[in-house]
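Here's a walk through a few parts of this fold, with the model open beside you. Have a look first, then read on.

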Amino acid sequence: MEKIRVVIKIGTSSIISDDGKIKRKFLSNLAHELSEHTNVSPIIVSSGAIGLGLERLKIKKRPSDMPTLQAAAAIGQVDLINAYKDVFADYEMLVAQLLITRATTADRSGYLHARDTINRLLSLNIIPVINENDTVAVEEIKFGDNDTLAALVATSINADYVIILSDVDGLYSADPNTFKDAKLLKRVKKLTKEIEKSAGGAGSVRGSGGMITKLSCARVLLAANIPMLLCNGANIQNLRDALNGQAVGTAFFDDASSGLTAKKSWIALGAKVKGKVVCDDGAVVALQKKGSSLLPVGILSSSGSFKEGEPVDVYDKYERLIARGIASYSSKILEDNIGLREAQEFIHRDNLVVF
């Protein structure tokens, strides 16, 4: 019987304690649950390396300079993967370490090689433990958070669903720390303007993510037709229920979504976006309802410097991200063609992902 592929993203706060130590009990509970679910092929995207490294270096406040963060990652990654190796060995499970940056996936061949490596590990019943390679990543090639990396991994291997283990119970209608009447949203089919406004700021001092990054992850997974569950990692019962196919926390899933091709999955997340265009209402309708290509006549403005073949984000005039695609020509040429009806299409629909 073919196993269910589940990407499990573990946030820093779930695996690292406030004093910067590995939560061994959490790891042991995780390993135990995965050993019990023999019908599941887990792929773990784990944060925590920088947090562990900062503790080793006796640095209490997260630094802002890149060399110190990279040094902390280099130190902490050793402790992180060793903890996974030792704890999972107690349950007779093997793990493998994969460190990825945007430089790996920006080129489509690199993206495919990473995918093939993960697939081969799963075929050998080995659990991939994936993290961003923070020791060498600079701003231009960073994913920025492991929520995005989890979505990339899930779409590349066509995972059955994604579990995001965080320090929150799910997505609320408003900030529950500020508004007592905030309600947990149990099911989200589409990221509306109201839902996006409910997202808070950054995560913990030792982490890099927040609700905003989780919604960015959900946006791609909704388009890819891959269910995502966001729940509190402190309660192991949430993971148990999720692995059993039960709804926990907030479930992001749209039954009407048709999914993404392998190429469009790469467009959605594989390479770092180089520019941005803003469209009028007519272009938005054409993209979302008619499956059209993006024409310069419907573009209101352009920002950023990009070349032919590079990814560009597409926004509506209300500053909501509605699509991402591959530019047919450079930003310089586009500037000369904005608003022109007879100009060549800027993004062909085959190179466009609509969210």
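## The five-stranded sheet

This is a predicted model, and in it five strands build an open sheet. Reading across, the order is β10-β9-β11-β12-β13, with mixed pairing. Which strands stand at the edges? They are β10 (299-304) and β13 (352-354). Each has a single partner strand, so one side of each has no neighbour in the sheet. From one strand to the next, the twist averages 20°.

As a reminder of the background, strands in a sheet pair through backbone hydrogen bonds, and they can do so parallel or antiparallel.

## Strand β9 and its two partners

Strand β9 covers residues 275-279, and five bridges join it to β10 in an antiparallel run. On its other pairing, with β11 (residues 311-316), there are five bridges too, but here the strands run parallel. So what does that look like at the residue level? Take Lys 276: its bridge partner in β10 is Ser 303, while its bridge partner in β11 is Asp 313. Val 278, also bridged to β10, has Ser 301 as its partner there.

Is β9 buried or exposed? Four of its five residues are buried, so the strand is largely enclosed by the rest of the structure.

## Ile 326 in strand β12

Moving along the sheet, Ile 326 sits in strand β12, which spans residues 321-326. Its relative accessibility is 11%, and because the cut-off for buried is under 20%, Ile 326 counts as buried.

Which residues does Ile 326 touch, leaving out those up to four places away in sequence? The list is Ile 267, Gly 309, Glu 310, Pro 311, Phe 346, Ile 347 and Asn 351. There's also a C-alpha pair to pick out: Ile 326 and Val 312 are 14 residues apart in sequence, with 6.2 Å between their C-alpha atoms.

## Helix α7, wrapped up

Now for the helices. In α7 (residues 146-156), 11 of the 11 residues are buried, so the helix is largely enclosed by the rest of the structure. The buried residues include Asp 147, alongside Leu 149, Leu 152 and Val 153. Following α7 comes Asn 158, which has a positive phi near 55°.

A pair of packed helices is described by the angle between the axes and the distance between them. For α6 and α7, the angle is about 75° and the axes are 10 Å apart. That makes α6 roughly perpendicular to α7. On the α6 side, the contact uses Tyr 111, Arg 115 and Ile 118, and on the α7 side Leu 152, Val 153, Thr 155 and Ser 156. By type, the residues of this contact are four nonpolar, two polar and one charged.

## Helices α2 and α10

How do α2 and α10 pack? Helix α2 (residues 24-36) and helix α10 (residues 236-243) meet at an angle of about 20°, and their axes are 10 Å apart. Angles under 35 degrees count as roughly parallel, and α2 and α10 are therefore roughly parallel to each other. The crossing of α2 past α10 is right-handed.

From α2, the residues at this meeting are Asn 29, Leu 30, Glu 33 and Leu 34; from α10, they are Ile 236, Leu 239, Arg 240 and Leu 243. Sorted by type, the contact has five nonpolar residues, one polar and two charged. It helps to recall that an α-helix has 3.6 residues a turn, so residues three or four places apart point the same way.

## Positive phi in two loops

Two more backbone spots are worth a click. Lys 58 isn't a glycine, yet its phi is positive at about 60°. Where is Lys 58 found? It's in the loop between α3 (49-56) and α4 (66-89). With 67% relative accessibility, Lys 58 counts as exposed.

Asn 125 tells a similar story: its phi is positive, about 60°, and it is not a glycine. Asn 125 is placed in the loop between α6 (108-123) and β4 (127-132). Its relative accessible area is 54%, so Asn 125 is exposed.

Conventions:
Residues are numbered from 1 along each chain as its sequence is written. This is a predicted model: local features need pLDDT of at least 70, side-chain atom pairs count only at pLDDT 80 or more; totals for chains, interfaces and linings use all residues. Side-chain values use heavy atoms; hydrogens and water are left out. Axes are lines fitted to C-alpha atoms, for helices over the stretch in contact, and angles run from 0 to 180 degrees between N-to-C directions. Angles under 35 degrees count as roughly parallel, over 145 as roughly antiparallel, 65 to 115 as roughly perpendicular and the rest as oblique. A crossing is left-handed if the near helix is turned anticlockwise from the far one by less than a right angle, and right-handed if clockwise. Contact means heavy atoms within 4.5 Å. Ala, Val, Leu, Ile, Met, Phe, Trp, Tyr, Cys and Pro count as nonpolar, Asp, Glu, Lys and Arg as charged, and the others, Gly among them, as polar. Two strands pair if DSSP finds at least two bridges between them. Buried means under 20% relative accessible area, exposed over 50%, partly exposed in between (1.4 Å probe, protein chains only).
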